[in-house]
Amino acid sequence: IKTPVQRRIEYVGVSLAEALAHIPQQPASDAALQSHLEQHEDEFATPEGALPAPTGSLQTPSGPALQDVRERVLDHWRAEQARHRLMEVSLDLQDAVDAGMRFVELALATGLMIRTTPPMSVSASDVPMGPTSSMVRDAFQLPLGRLTRVSHEPSGVFVLRTIEEIPARVPPFEQVREQVRQLAVKARAREAAKAKAVAVREQLLAKRTEG
């Protein structure tokens with residue numbers, strides 16, 4: 001029932017989903033997709049090998065025609081563009097951190113918005129569209145106000161700092177009444193089961209003695 005130590009965390013950065021949302025649905029021309037297909041041809045090859053090239057289609061010398069794998073190539077292209085965006089943000093954040101900028105200055109220099117989490121414990125799960133649980137754990141290891149390193153994971157790039165710590169506490173009874181009730185029921189059930197087991201054991205020992 002006891003609430004563990006919690007912290008509120010500020011962070012700046014970009015998630016992969018946010019980066020992907022700003023990537024165009026498709027490039028300006030098929031030439032970009034064709035180039036992407038040629039660079040990553042092995043990822044789009046079919047088990048049967050190269051597909052025949054329909055008349056007038058764009059096709060690599062030994063790979064599938066673009067029109068046959070267009071959606072897959074498009075998804076792959078957009079994902080790669082989003083990853084490039086994350087790398088750019090990572091480098092910008094690292095430059096700002098290396099320059100010794102304060103948190104607000106860092107946000108202004110990179111054009112990123114400062115966001116704040118609700119109180120969370122060190123074992124909290126990933127923040128939606130935000131830092132991962134491992135990034136949160138890193139923030140808990142530092143004193144209040146200290147910036148974390150630039151954390152770059154596949155799901156996003158972020159810098160965090162904790163701004164408030166809420167000590168561990170026992171919530172008021174009214175807030176945890178149902179939890180207390182369930183714990184009491186389980187405790188009584190365990191006690192009853194143990195008493196029943198002891199009684200059965202004694203009966204079995206008596207019957208064994210009797211033969």
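The structure holds 8 salt bridges, a salt bridge being a side-chain nitrogen of Lys or Arg within 4 Å of a carboxyl oxygen of Asp or Glu. One of them joins the side chains of Glu18 and Arg115, with an N to O distance of 2.7 Å. This pair links distant parts of the chain, since Glu18 sits in helix α1 (residues 16-21) and Arg115 in strand β2, 97 residues apart. Helices (H or I, at least four residues) and strands (E, at least two) are DSSP runs, numbered from the N terminus. Both Glu18 and Arg115 are buried. Here buried means under 20% relative accessible area and exposed means over 50%, with partly exposed in between (1.4 Å probe, protein chains only).

Before going further, a word on the model itself. The model is predicted, so local features need pLDDT of at least 70 and side-chain atom pairs count only at pLDDT 80 or more, while totals for chains, interfaces and linings use all residues. Residues are numbered from 1 along each chain as its sequence is written, and side-chain values use heavy atoms, with hydrogens and water left out.

Let's stay with the salt bridges a little longer. Arg149 and Asp138 also meet through their side chains, at 3.1 Å from N to O. That pair, too, links distant parts of the chain: Arg149 is in the loop between α5 and β3, Asp138 is in helix α5, and 11 residues separate them. Arg149 counts as exposed, at 54% relative accessibility, and Asp138 is partly exposed, with a relative accessible area of 28%. A third example is the salt bridge between the side chains of Arg181 and Glu178, 2.8 Å from N to O. Arg181 and Glu178 both lie in helix α6 (residues 173-210), 3 residues apart, which is about one turn of the helix. Arg181 is partly exposed at 47% relative accessibility, and Glu178 is partly exposed at 41%.

Now step back to the whole chain. You will find 6 helices and 4 strands, and reading along the sequence gives the pattern β-α-α-α-α-β-α-β-β-α. Of the 211 residues in the chain, buried ones make up 33%. Among the contacts with a separation of 6 or more, 68% are between residues 24 or more positions apart; contact means heavy atoms within 4.5 Å. The chain exposes about 13,400 Å², of which carbon and sulfur atoms supply 55%. Accessible areas come from the Shrake-Rupley method with a 1.4 Å probe, and for residues only the protein chains shown count as cover.

Helix α3 is a good next stop. His76 has its place in this helix and is buried, with a relative accessible area of 17%. Leaving aside neighbours within four places in sequence, His76 is in contact with His36, His40, Glu43 and Phe44. Glu88 is also found in helix α3, which spans residues 70-98. Glu88 is partly exposed, with a relative accessible area of 45%.

Which residues gather with Glu88 in a patch of negative charge on the surface? They are Asp92, Asp95 and Asp98. Patches are made of residues with over 30% relative accessible area and no salt bridge; like charges are joined within 9 Å, and nonpolar side chains (Val, Leu, Ile, Met, Phe, Trp, Tyr) within 5 Å. Lys and Arg count as positive and Asp and Glu as negative, while His and the chain ends are not counted. The place of a charge is taken as NZ of Lys, CZ of Arg, CG of Asp or CD of Glu.

There is a nonpolar patch to look at as well. Ile1, Val170 and Leu183 make this surface patch, which covers about 290 Å². Val170 is found in the loop between β4 and α6 and is exposed, with a relative accessible area of 60%.

Two more loop residues complete the tour. Pro154 lies in the loop between β3 (151-153) and β4 (156-166), and is exposed at 74% relative accessible area. Its contacts, leaving aside neighbours within four places in sequence, are with Leu16 and Leu86. Pro154 and Leu86 are 68 residues apart in sequence and 8.8 Å apart in space, C-alpha to C-alpha. Met129 lies in the loop between β2 (115-116) and α5 (133-140). The phi of Met129 is near 60°, a positive value in a residue other than glycine, and Met129 counts as partly exposed, at 43% relative accessibility.
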